[in-house]
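Work through the exercises below with the sequence and the model open side by side. Each task is followed by a solution in steps.

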Amino acid sequence: REFCTQLRRFPFDPPIHITASDYEVITQGGSLCCVGDEMDSAQFERMVRIQLQAYVQKKAADLLTLSRHLDPHVESALETMKMVVVSQQRAEAAAEAAEGSLQGLERSAQQMGSLLRGFRAE
């Protein structure tokens with residue numbers, strides 16, 4: 001609800017209205033949210049990037065469909081652009097997975113450090 005209210009502050013024409021089901025979709029069932037179904041700035045940025053990627057993919061697919069009736073060079077250029085976008089998405093997903101793994105390793109290292117400090121104290 002707050003998200004929709006905040007969107008109304010922007011002078012979009014036409015105004016953007018987000019339903020509860022829209023919010024559920026753009027937050028990937030709440031997986032992009034923290035406690036209380038809210039997003040911090042990093043989660044919001046990730047949500048915007050995901051939605052922008054989906055929009056670009058949709059527009060590229062539409063253009064590819066139209067280009068089949070145009071110059072073959074246009075179709076080839078669009079196919080190349082699509083491959084670049086898909087490659088970028090894969091690289092971003094791999095970077096996010098690596099970042100998640102790194103954070104997991106950091107947590108494990110902190111836990112091990114705490115355990116070792118506990119053994120030294122005894």
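**Exercise 1. The second largest pocket**

The residues that line the second largest pocket are Gln28, Ala42, Glu45, Arg46, Arg49, Ile50, Gln53, Gln89, Glu92, Ala93 and Glu96. This is a predicted model, in which local features need pLDDT of at least 70 and side-chain atom pairs count only at pLDDT 80 or more, while totals for chains, interfaces and linings use all residues. Residues are numbered from 1 along each chain as its sequence is written, and side-chain values use heavy atoms, with hydrogens and water left out.

Task: state which elements give two or more residues to the lining of the second largest pocket, and how the lining residues divide by type.

Solution.
- Step 1. Fix the term: on a 1 Å grid over the protein atoms alone, a pocket is an open set of points where a 1.4 Å probe fits, with protein on both sides within 12 Å along at least five of seven lines; lining residues have an atom within 4 Å of a point.
- Step 2. Find the elements: helix 3 and helix 4 each give two or more residues to the lining of the second largest pocket. Helices here are DSSP runs (H or I, at least four residues), numbered from the N terminus.
- Step 3. Rank them: helix 3 gives the most to this lining, with six residues.
- Step 4. Sort by type: the lining of the second largest pocket has three nonpolar, three polar and five charged residues. Ala, Val, Leu, Ile, Met, Phe, Trp, Tyr, Cys and Pro count as nonpolar, Asp, Glu, Lys and Arg as charged, and the others, Gly among them, as polar.
- Step 5. Give the volume: the second largest pocket holds about 220 Å³ of space. A volume is the space filled by probe spheres set on the grid points, which are joined across faces, edges and corners.

**Exercise 2. Two glutamines of that lining**

Task: is glutamine 89 buried or exposed, and where does glutamine 28 lie?

Solution.
- Step 1. Glutamine 89 belongs to helix 4 (residues 72-121).
- Step 2. Glutamine 89 counts as buried because its relative accessibility is 17%. The limits are under 20% relative accessible area for buried, over 50% for exposed, and partly exposed in between (1.4 Å probe, protein chains only).
- Step 3. Apart from neighbours within four places in sequence, glutamine 89 is in contact (heavy atoms within 4.5 Å) with Gln53 and Gln57.
- Step 4. Glutamine 28 sits in the loop between helix 2 and helix 3. Its relative accessibility is 39%, so glutamine 28 counts as partly exposed.
- Step 5. Check the backbone: glutamine 28 is not a glycine, yet has a positive phi of about 55°. Most residues other than glycine have a negative phi, and most peptide bonds are trans.
- Step 6. For a bond of the other kind, look at aspartate 13 to proline 14, where the peptide bond is cis, with omega near 5°. Proline 14 is in the loop between helix 1 and helix 2.

**Exercise 3. The largest pocket and the nonpolar core**

Task: which residues are closest to the centre of the largest pocket, and which residues form the largest nonpolar core?

Solution.
- Step 1. The largest pocket has a volume of about 830 Å³. Its lining counts 24 residues, and Phe3, Leu7, Ile26, Phe44 and Met47 are the closest to its centre.
- Step 2. Helix 1 (2-7), helix 2 (20-26) and helix 3 (41-67) each give two or more residues to this lining. Helix 1 supplies the largest share, five residues.
- Step 3. The nine residues of the largest nonpolar core are Phe3, Leu7, Ile18, Tyr23, Ile26, Leu32, Cys33, Met39 and Met47. Such a core is a set of buried Ala, Val, Leu, Ile, Met, Phe, Trp, Tyr and Cys residues joined through side-chain atoms within 4.5 Å.
- Step 4. Take methionine 47, in helix 3. Methionine 47 is buried because its relative accessible area is 4%. Not counting residues up to four places away in sequence, methionine 47 touches Phe3, Ile26, Leu32 and Met39.
- Step 5. Methionine 47 and isoleucine 26 are 21 residues apart in sequence, and their C-alpha atoms are 6.5 Å apart.
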